[in-house]
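Reader: I'm new to reading structures, and I'd like to learn how the descriptive words are earned. Could you take me through some of them?

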Amino acid sequence: MKLATWNVNSLTVRLPQVLDWLSANPVDVLVLQELKMTDDKFPTDAFTQAGYHSHGFGQKTYNGVAILSRTPATNVVRNIPGFSDDMARVISADVGDLRVIGAYFPNGQEPGSDKFEYKMSWLKGLRDWVRAELLAHPKLVLMGDYNITFDDDDVWDPEGLRDTIHCTDEERYHLNALIALGLHDAYRLFPQEAKSYSWWDYRDAGFRRNRGMRIDHILVSSALKPQVRGCVIDKTPRKNERPSDHAPVVVELA
DNA sequence: ATGCCTCAGCTCCTGAGA
């Protein structure tokens, strides 16, 4: 089976591209981030016609996440139980024997800012919850837009961007603390091309010059790791007219 | 050309994204 994550930067704008992508890539599960729409606008019918069950969790203007699945998703939970949050950032559900968590991690804007402090507290809240989730659901996938790079290999200009947002030691501490819970970066389980990224700035012809970062990740639990058969970043949609600034990441499980 | 885009909404500018 295949699972994927994609930050679409407005589902209103990108819905046709999502439907096209699902038609060409009929994955079993797709989680979306940055819907930027309220739940009354969520295109349930379009996803049903495409053959997917769907659950959205949105808000006006910002954030918003969704989970789409070929088979029905059950036990759907919105946001992080135990962490109070005004923003729609997390949706999780059971799909088959998997617990799937789709997340839009806070951006953080700039180290030292209020938004950065919120990012740090959110990461702690996420970790405390995921620790308990792993005990209840050994086969777990945590995927989405993490807004954090693991290391220099994930950054087009590691020297120039050192200690800037997505690349700070504090953010990477929290990312590695998730790994320490017993999660594994599916992408790095396999040989990958150098300078592989999942996001490119709209400005400065970032995609054409491959000036990007790998900030969209799929982490799998230890119980699931032996089933992982591959993980790829699909840059094809970035070549569309009016693309999202993120590319989908896809993992294949046995 | 060290090349400043894209989206939503308090919409013809601003805030935010990353």
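Author: Happy to; what follows is a set of questions about words and the values behind them. Please keep in mind that this is a predicted model.

Reader: What is the secondary structure of chain A?

Author: Chain A has four helices and 14 strands.

Reader: Why is chain A called as compact as a globular protein of that length?

Author: Two values are set side by side. The radius of gyration of chain A is 17 Å, and the globule rule gives 18 Å for 254 residues; the two are close, so chain A is as compact as a globular protein of that length. You can also look at the C-alpha trace, which spans about 45 × 45 × 40 Å along its principal axes.

Reader: What share of the residues of chain A count as buried?

Author: It is 43% of the 254 residues.

Reader: Why does Ile80 count as buried?

Author: We count neighbours. A residue is buried if 20 or more other C-beta atoms lie within 10 Å of its own. Ile80 has 21 such neighbours, so Ile80 counts as buried. You will find Ile80 in the loop between β5 (74–78) and β6 (90–95). Beyond its neighbours within four places in sequence, Ile80 is in contact with Asp85, Val90, Gly125, Leu126 and Trp129.

Reader: Asp85 is on that list. Why is Asp85 called partly exposed?

Author: Asp85 has 16 other C-beta atoms within 10 Å. Buried needs 20 or more and exposed needs 12 or fewer, so a count of 16 falls in between and Asp85 is partly exposed. Asp85 also lies in the loop between β5 and β6. Leaving aside neighbours within four places in sequence, its contacts are Asn79 and Ile80.

Reader: What makes Asp204 exposed?

Author: Asp204 has 10 C-beta neighbours inside 10 Å, and the limit for exposed is 12 or fewer, so Asp204 counts as exposed. Asp204 sits in the loop between β10 (199–200) and β11 (212–213). Its phi is near 60 degrees, a positive value in a residue other than glycine.

Reader: Where is Gln109, and what is its phi?

Author: Gln109 is in the loop between β7 (98–104) and α3. Its phi is near 55 degrees, again a positive value in a residue other than glycine. With 13 other C-beta atoms within 10 Å, Gln109 is over the limit of 12 for exposed and under the 20 for buried, so Gln109 is partly exposed.

Reader: How do you know that α3 is roughly parallel to α4?

Author: Helix α3 (residues 114–136) and helix α4 (residues 169–180) pack at an angle of about 5 degrees, with their axes 10 Å apart. Angles under 35 degrees count as roughly parallel, so α3 is roughly parallel to α4. On the α3 side the contact is made by Met120, Leu123, Arg127 and Val130, and on the α4 side by Glu170, His174, Ala177 and Leu178. By class, these residues divide into five nonpolar, one polar and two charged.

Reader: Which residues come nearest to DNA strand B?

Author: There are 24 residues around DNA strand B, and Ser10, Thr12, Asn107, Tyr202 and Arg203 come nearest. The surface near the strand has seven nonpolar, nine polar and eight charged residues.

Terms used:
Residues are numbered from 1 along each chain as its sequence is written. Chains are lettered from A and ligands numbered from 1 in the order in which they are written. This is a predicted model: local features need pLDDT of at least 70, side-chain atom pairs count only at pLDDT 80 or more; totals for chains, interfaces and linings use all residues. A residue is near a molecule or strand if its C-beta atom, placed from the backbone, lies within 6 Å of it. Ala, Val, Leu, Ile, Met, Phe, Trp, Tyr, Cys and Pro count as nonpolar, Asp, Glu, Lys and Arg as charged, and the others, Gly among them, as polar. Axes are lines fitted to C-alpha atoms, for helices over the stretch in contact, and angles run from 0 to 180 degrees between N-to-C directions. Helices (H or I, at least four residues) and strands (E, at least two) are DSSP runs, numbered from the N terminus. Angles under 35 degrees count as roughly parallel, over 145 as roughly antiparallel, 65 to 115 as roughly perpendicular and the rest as oblique. Two residues are in contact if their C-beta atoms, placed from the backbone, lie within 7 Å. The radius of gyration is taken over C-alpha atoms; the globule rule is 2.2 Å times the number of residues to the power 0.38.
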